[in-house]
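User: Could you take a close look at the aromatic rings in this structure and walk me through how they sit together? I'm new to this, so please keep it friendly.

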Amino acid sequence: MVIRRVLAPRIDFGALRRELGLPDSFPAAAQREADEAADAPPPAVADRTNIPFVTVDPAASRDLDQAMHLSARPGGYRVRYAIADVAAHVRPGGPLEEETWRRGQTVYLPDGNVPLHPHALSEGAASLLPDVDRAAVLWTIDLDTDGATVAVGLERALVRSRAKLDYSGVQVAADAGRLPEPIALLPEIGALLTARGLRRGAVNLPLPEQDVEPDGDGWRLVLRGPGPMEDHNAQISLLTGMAAADIMLAGRIGLLRTMPAPKPEAVARLRAAAAPLGVHWPDGVRVGEVLAGLDASQPRAAAFVDQAAELMRGAAYTAFDGELPEQPEHGGVAAAYAHVTAPLRRLADRYATEVCLALHEGREVPEWARTALPRLPEVMASTDRTAGTATRGAIELAEAVLLEHRVGETFSAAVLDVDAPPNSQSKPGRVPGGTVALDDPPVRARCTGELPLGERVTVRLVTADPVGRKILFERA
């Protein structure tokens, strides 16, 4: 669901690419390997092209990692989730694998992505595009009527997607009661999985997402909140990631996505902030359940959600082989969880998937996958930082360009966060302030002055610097 969008003039993202050292092409040997792999015939694996899979992604996406088919079965549901089999195209020890380790993950920028794999694979032969046969790793997960997992199957397979669907179109179809058959049960299954997650203590932050999108000769700055169908779709990926984690923990080898559970003192601080922000938090209700009931487009609820983000710290990749991790769970999922559903875009998923396949089939984990596990956490942490900096930098640049000629103007804004009170360690001459979110244009930035958390204030723009990608407001 799009909340707001504002047109911005021409923007050059080249400086950001150069600042981050992002590559503009693949080495010749890596590109040649990808081209040869793209031209190779599909592997001889189980033929599942009779299953009418569909993909659900952003409309402009062509790097399609997942395809889905949902059905009823006696006593519950069957989730079939086909994931692009990248390992079928990338030779261990070859120049393409070496280059993917340098990149770590796809970095998305408004003027084009910097892909983990050459487009011949990521948007071609390995992508689960419609109406073509593709190599996939097929997860078959059976659920009971309450959404609990009762059986998991895993195999390499040949699949064929029937349609490339997008989030907005799927939401419209769902609202009209006309979802296509392969995902007709997605609202029902997604709601069951969400409810189970909330009961076990899962935490999902309903934060609107900022994006910079092309619009003719210019760009538009977009603020959108996830629609219900996007949330339901995410639950299928979470379900698969939890199944993968269970397989790896049982086999005592793998790569988990971990995060400490929220600390009791942090939850207590958040609870203390609830009443002043008008958020009702009954006794016995978990954090995730409180957040799930909020409308983050409202200023006080948005401020509470922003405060809740402090609970979600310390995410990491945790590799293990033999000895189980001391802390195997992901605090936001409230369960053990692994990344296996986006191998076109994340390096780690390829190796975690290979471990799961070997364990499920009762064979030894391939040495190329086993030896990669302890090296992956550092590579993924580094490239996570690069990808995050690229995303934030693109938005900050678009915001600064958009506001460059409006210095001195005043705007209505919601106060999302305020600085901690000064103490003996505070710097002399400290200027109070916090973070505000404008309604129009949809900008979030630093603001100086005494700010009332969760309230609306009038702010004046004092700095909008595209070169430094810096915006600063003061309370008017």
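Analyst: Let's start with a term we'll need: a residue is buried under 20% relative accessible area, exposed over 50%, and partly exposed in between. Keep in mind that this is a predicted model.

A search of the whole structure turns up 5 aromatic pairs. One of them joins Phe-13 and Trp-219, edge-to-face, with 5.2 Å from centre to centre and 85 degrees between the planes. Phe-13 sits in the loop between strand E1 (2-8) and helix H1 (14-20), while Trp-219 belongs to strand E9 (residues 218-224), so this pair ties together parts that are 206 residues apart in sequence. Both Phe-13 and Trp-219 are buried.

Now for Tyr-351 and Trp-368: their ring centres are 5.6 Å apart and their planes meet at 70 degrees, so this pair is edge-to-face. Tyr-351 is in helix H11 (residues 347-361) and Trp-368 is in helix H12 (residues 367-370), so the pair links parts 17 residues apart in sequence. How accessible are these two? Tyr-351 has 0% relative accessibility, so it counts as buried. Trp-368 has a relative accessible area of 26%, so it is partly exposed.

Trp-101 joins in here too, forming one aromatic cluster with Tyr-351 and Trp-368. On top of that, the charged end of Arg-375 sits over the ring of Trp-101, 4.1 Å from its centre. You'll find a similar theme at Phe-26, where Arg-103 lies over the face of the ring, 3.5 Å from the ring centre.

Conventions. Residues numbered from 1 in each chain as written. Predicted model: local features only at pLDDT ≥ 70, side-chain atom pairs only at ≥ 80, totals over all residues. Heavy atoms only, no water. Phe/Tyr/Trp six-rings, centres within 6.5 Å; stacked < 30°, edge-to-face > 60°. Helix = DSSP H or I, 4+ residues; strand = E, 2+ residues; numbered from the N terminus. Buried < 20%, exposed > 50% of the residue type's maximum accessible area, 1.4 Å probe, protein only. Lys NZ or Arg CZ within 6 Å of the ring centre and 35° of its normal.
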